[in-house]
Amino acid sequence: MDFLGIEKFSLVDYDEKVCVTLFSGGCNFRCPFCHNSSLVLEPKNIKGIPFEEILTYLKSRAGLVDAVTITGGEPTLMRDLVDKIKQIKQLGYLVKLDTNGTNPQLVSFLIEQHLIDYVAMDVKNCLRLYGKTCGYDNVDVDNIIQSIHLLINSSIDYEFRTTLVAEFHDAIAINEMGELIKGAKKVFLQKFVDSDQCIKKGLHPVIDEKARQFQRILSNYVASVELRGY
């Protein structure tokens with residue numbers, strides 16, 4: 001499978017690292033607030049980037065770029081993801097994986113094989129509202145739980161992140177989510193920004209005051225809770 005997009009220079013996708021960001025196509029969620037709707041809904045309509053071209057570019061940036069962030073869509077759906085990461089690692093890059101946590105077996109393998117250096121996992125909401133929030137009623141929350149526990153108990157650097165949307169998140173849900181990720185090292189609460197690229201139009205961000213309230217709630221469960229975009 002080809003990557004469908006590339007950002008050749010980013011200072012925001014991997015904290016404190018200069019990185020190249022690669023975008024995979026397709027996703028097993030349909031989060032209404034997702035701003036990569038074309039990658040999720042219409043990946044077949046996007047021309048892929050030959051991986052050899054990506055490798056050539058990465059070779060040309062050696063010493064100037066620290067890392068490669070692999071995001072989506074949902075990257076763990078790529079059948080040849082492991083092979084692609086191996087080739088990227090052979091060039092000396094750190095690799096960060098963005099994932100929705102639905103494939104704990106693959107994430108575990110990548111960690112065990114030292115193929116990834118950082119994981120950012122989206123924790124959409126409390127389990128009670130997970131299906132509604134990710135736009136997929138039959139989500140296997142057991143996989144989500146496994147991925148959360150995997151990261152909390154591993155030695156890899158990681159973060160959990162939640163995009164706050166007024167229609168999906170309130171104080172009760174955030175408290176339940178805190179129980180879900182209790183003992184985690186770090187979570188980011190991200191401000192939702194509406195755009196024409198979102199899967200569903202007309203959603204609203206959680207206001208600043210409530211975001212700070214949610215931050216205080218999660219601080220009872222997580223060592224570091226930071227607001228992103230507020």
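R161 is a good place to start: with a relative accessibility of 13%, this residue counts as buried, because the cut-off for buried is under 20%. Its side chain meets that of D98 in a salt bridge, with 3.3 Å from N to O. Please keep in mind as you look around that this is a predicted model. The bullets below take you through the salt bridges, one helix and some backbone details.

**The pair R161 and D98**

- D98 is buried as well, with a relative accessible area of 6%.
- What does the salt bridge between R161 and D98 tie together? R161 lies in strand β6 and D98 in strand β4 (residues 94–99), so the pair links parts that are 63 residues apart in sequence.
- Side chains of opposite charge can pair when their charged atoms come close.

**Other salt bridges**

- How many salt bridges does the structure hold? There are eleven.
- One of them joins E176 and R128, whose closest N and O atoms are 3.0 Å apart. E176 lies in helix α7, while R128 sits in the loop between β5 and α5 (130–134), so this pair ties together parts that are 48 residues apart in sequence.
- E176 is partly exposed, at a relative accessible area of 30%.
- K185 and D157 also meet through their side chains in a salt bridge, at 3.1 Å from N to O. Here K185 belongs to the loop between α7 and β7 and D157 to strand β6, so the parts tied together are 28 residues apart in sequence.
- Both ends of that bridge count as partly exposed: K185 has 38% relative accessibility, and D157 has 33%.
- Salt bridges with shared partners join K96, D98, D122, K124 and R161 into one network.

**The two sides of helix α8**

- Which residues of helix α8 (residues 208–218) are buried? Look for A211, F214, I217 and L218. They cover an arc of only 115 degrees around the axis, which means that they are on the same side of α8.
- An α-helix has 3.6 residues a turn, so residues three or four places apart point the same way.
- On the other side of α8 you will find E209 and R216, which are exposed.
- The cover over the buried residues of α8 includes two strands listed earlier in the chain's numbering, β6 (157–164) and β7 (186–191), along with helix α7 (171–180) and strand β8 (224–228).

**Backbone details in the loops**

- Most residues other than glycine have a negative phi, and most peptide bonds are trans.
- E16 has a positive phi of about 65 degrees, although this residue is not a glycine. Find E16 in the loop between β1 (5–10) and β2 (19–23).
- Is E16 buried or exposed? With 80% relative accessibility, E16 counts as exposed.
- H114, also not a glycine, has a positive phi near 55 degrees. H114 belongs to the loop between α4 (104–112) and β5 (118–122), and its relative accessibility of 63% makes it count as exposed.
- Where is the cis peptide bond? It joins G72 and G73, with omega at about 10 degrees. G73 is in the loop between β3 (67–71) and α3 (81–90).

Key:
Residues are numbered from 1 along each chain as its sequence is written. This is a predicted model: local features need pLDDT of at least 70, side-chain atom pairs count only at pLDDT 80 or more; totals for chains, interfaces and linings use all residues. Side-chain values use heavy atoms; hydrogens and water are left out. Helices (H or I, at least four residues) and strands (E, at least two) are DSSP runs, numbered from the N terminus. Buried means under 20% relative accessible area, exposed over 50%, partly exposed in between (1.4 Å probe, protein chains only). The arc is that of the directions from the helix axis to the C-beta atoms. Contact means heavy atoms within 4.5 Å. A salt bridge is a side-chain nitrogen of Lys or Arg within 4 Å of a carboxyl oxygen of Asp or Glu.
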